[in-house]
Amino acid sequence: MALQAASLLPPTISIHKEAKSNACLKETTLFGVPFSTHFSFPLHLTQELRKKGVAAGIVRAQTAATTPAVDRAAPQGKKTLRKGTVIITGASSGLGLATAKALAETGEWHVIMACRNFLKAEKAAKSVGITKESYSVMHLDLASLESVRQFADTFRRSGRPLDALVCNAAVYLPTAKEPTYTAEGFELSVGTNHLGHFLLARLLLDDLKQSDYPYKRLIIVGSITANLGDLRGLAGGLNGIQSSAMIDGGDFDGAKAYKDSKVCNMLTMQEFHRRYNEETGITFASLYPGCIATTGLFREHIPLFRLLFPPFQKYITKGYVSEEEAGGRLAQVVSDPSLTKSGVYWSWNKNSESFENQLSKEASDAEKARKLWEVSEKLVGLA
């Protein structure tokens, strides 16, 4: 999500941790697998059960496992009453965790918390009161394309249907002086936030297509405040050797790299919509839930920043929202039957009412979205 009010950061401050995309950044001037076994009844027992009016068929025995037993999806065209399954990346803290909690509390969703740190995610779920039967934790490191592929394979082997995918996790390094890189050698912010999610969404698209849920959705937390230029750096591989580590081919700028990655998320959502919405019925959307100024994303900032940034957002920009409120908004985009329109960038007004926000010229550039898609396919090995 856009870190939409953030050039409040003094230039000497740095953050060098993976963060969930749950804050706000824009230049201002304050300071400058479940396992299941199926048993068939023997014929004589089946006949006896029928005499007693008991329907005999398949009995599912749930064994102890991290993931509860699964109610498999019914054949296409036959709607089934079951919990929806949603994958949320970066669900161990911030916006992702708040969204996981909001969806789990409805009793209508099973949340797959896709995170790098298994134990952190387990502790986080327990700390906010998510019941054990409402979630599973699966390992995913978006900075490794191999990890993304392994995640997709592991999820598919779990036997669960997929009804919604939320691409939320992000790396944010606003004051880094030199680029760092993913396992495959891409600049870390774009490699994680865009390329990792791009591959994940492409690999799981068929699973979403097969869902029999009343509504199926792919949601990307994005932003519209950057300019990608002609994508020359991305086309060169973002490796800082044969090409620039920046998408536009310019000098490295950690804050801009993050913003660039989020515009890529927006363009990707738009291209998914253009290519697949009509064919599949999947809703593709993005959102900006507001500025979460108290997020742990800013924990490495100087004490004065942590003291002043939240009230600045609350009383000056009026853009502040709590993690709980932002999580509720993202959960709404995932599950609200009224928010089925595809290709939309959702925002909320001062009365917390959702509305369709206008895309920037950059984020709605269809030709750039097409080019970004094609270059990204090559970089992640899909073309």
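A crossing of two helices is right-handed if the near helix is turned clockwise from the far one by less than a right angle. Keep that handy for the second exercise; the model you're looking at is a predicted one.

**Exercise 1. Map the sheet: which strands form it, and in what order?**

Step 1. Walk across the strands. You should pass β6-β5-β4-β7-β9-β10-β11-β12, which makes 8 strands in an open sheet with mixed pairing.

Step 2. Find the edges. β6 (135–139) and β12 (354–357) each pair on one side only.

Step 3. Check the twist, which averages 25 degrees from one strand to the next.

Step 4. Look at what lies on the sheet. Helix α5 (residues 188–209) touches β4, β7 (164–167), β9 (217–221) and β10 (283–287), and its direction makes about 175 degrees with that of β7. Helix α9 lies across β4, β5, β7, β9, β10, β11 (344–348) and β12, at about 150 degrees to β9.

**Exercise 2. Describe how α2 packs against α9: at what angle do they cross, and how close do the axes come?**

Step 1. Two packed helices are described by the angle between their axes and the distance between the axes.

Step 2. Take α2 (residues 94–105) and α9 (residues 323–335): their axes come within 7 Å and cross at roughly 60 degrees. Angles of 65 to 115 degrees would count as roughly perpendicular, so α2 is oblique to α9.

Step 3. Now the hand: α2 and α9 cross in the right-handed sense.

Step 4. List who touches whom. α2 brings G94, L95, A98, T99, A102 and L103, while α9 brings E323, E324, A326, G327, G328, L330, A331, V334 and S335. Sorted by class, that's 8 nonpolar, 5 polar and 2 charged residues.

**Exercise 3. Do the same for α7 and α10: which residues make the contact?**

Step 1. The axes of α7 (residues 254–280) and α10 (residues 366–379) come within 9 Å, crossing at roughly 95 degrees. That angle makes α7 roughly perpendicular to α10.

Step 2. From α7, the contact uses C264, L267, T268, E271, F272, R274, R275 and Y276; from α10, it uses A366, K368, A369, R370, L372 and W373.

Step 3. Tally the classes: 8 nonpolar, 1 polar and 5 charged.

**Exercise 4. Take β5 apart: which of its residues point one way, and which the other?**

Step 1. In a regular strand, side chains alternate between the two faces of the sheet.

Step 2. Apply that to β5 (residues 109–115). W109, V111, M113 and C115 point one way, and H110, I112 and A114 the other. On burial, 7 of the 7 residues in β5 are buried.

Step 3. Check the neighbours. β4 (residues 84–89) runs parallel to β5 and is joined to β5 by 6 bridges, with I87 opposite I112. β6 is also parallel to β5, through 5 bridges, and Y135 of β6 is the bridge partner of V111.

**Exercise 5. Inspect two loop residues, S134 and L231: is each buried or exposed?**

Step 1. S134 sits in the loop between α3 (118–127) and β6. Its relative accessibility is 4%, so S134 counts as buried. Beyond neighbours within four places in sequence, S134 contacts K83, A104, W109, H110 and V111.

Step 2. L231 is in the loop between β9 and α6 (232–235). With a relative accessible area of 0%, L231 is buried too.

Step 3. Look at the backbone. Most residues other than glycine have a negative phi. L231, although not a glycine, has a positive phi of about 65 degrees.

Definitions and conventions
Residues are numbered from 1 along each chain as its sequence is written. This is a predicted model: local features need pLDDT of at least 70, side-chain atom pairs count only at pLDDT 80 or more; totals for chains, interfaces and linings use all residues. Side-chain values use heavy atoms; hydrogens and water are left out. Axes are lines fitted to C-alpha atoms, for helices over the stretch in contact, and angles run from 0 to 180 degrees between N-to-C directions. Helices (H or I, at least four residues) and strands (E, at least two) are DSSP runs, numbered from the N terminus. Angles under 35 degrees count as roughly parallel, over 145 as roughly antiparallel, 65 to 115 as roughly perpendicular and the rest as oblique. Contact means heavy atoms within 4.5 Å. Ala, Val, Leu, Ile, Met, Phe, Trp, Tyr, Cys and Pro count as nonpolar, Asp, Glu, Lys and Arg as charged, and the others, Gly among them, as polar. Buried means under 20% relative accessible area, exposed over 50%, partly exposed in between (1.4 Å probe, protein chains only). Two strands pair if DSSP finds at least two bridges between them.
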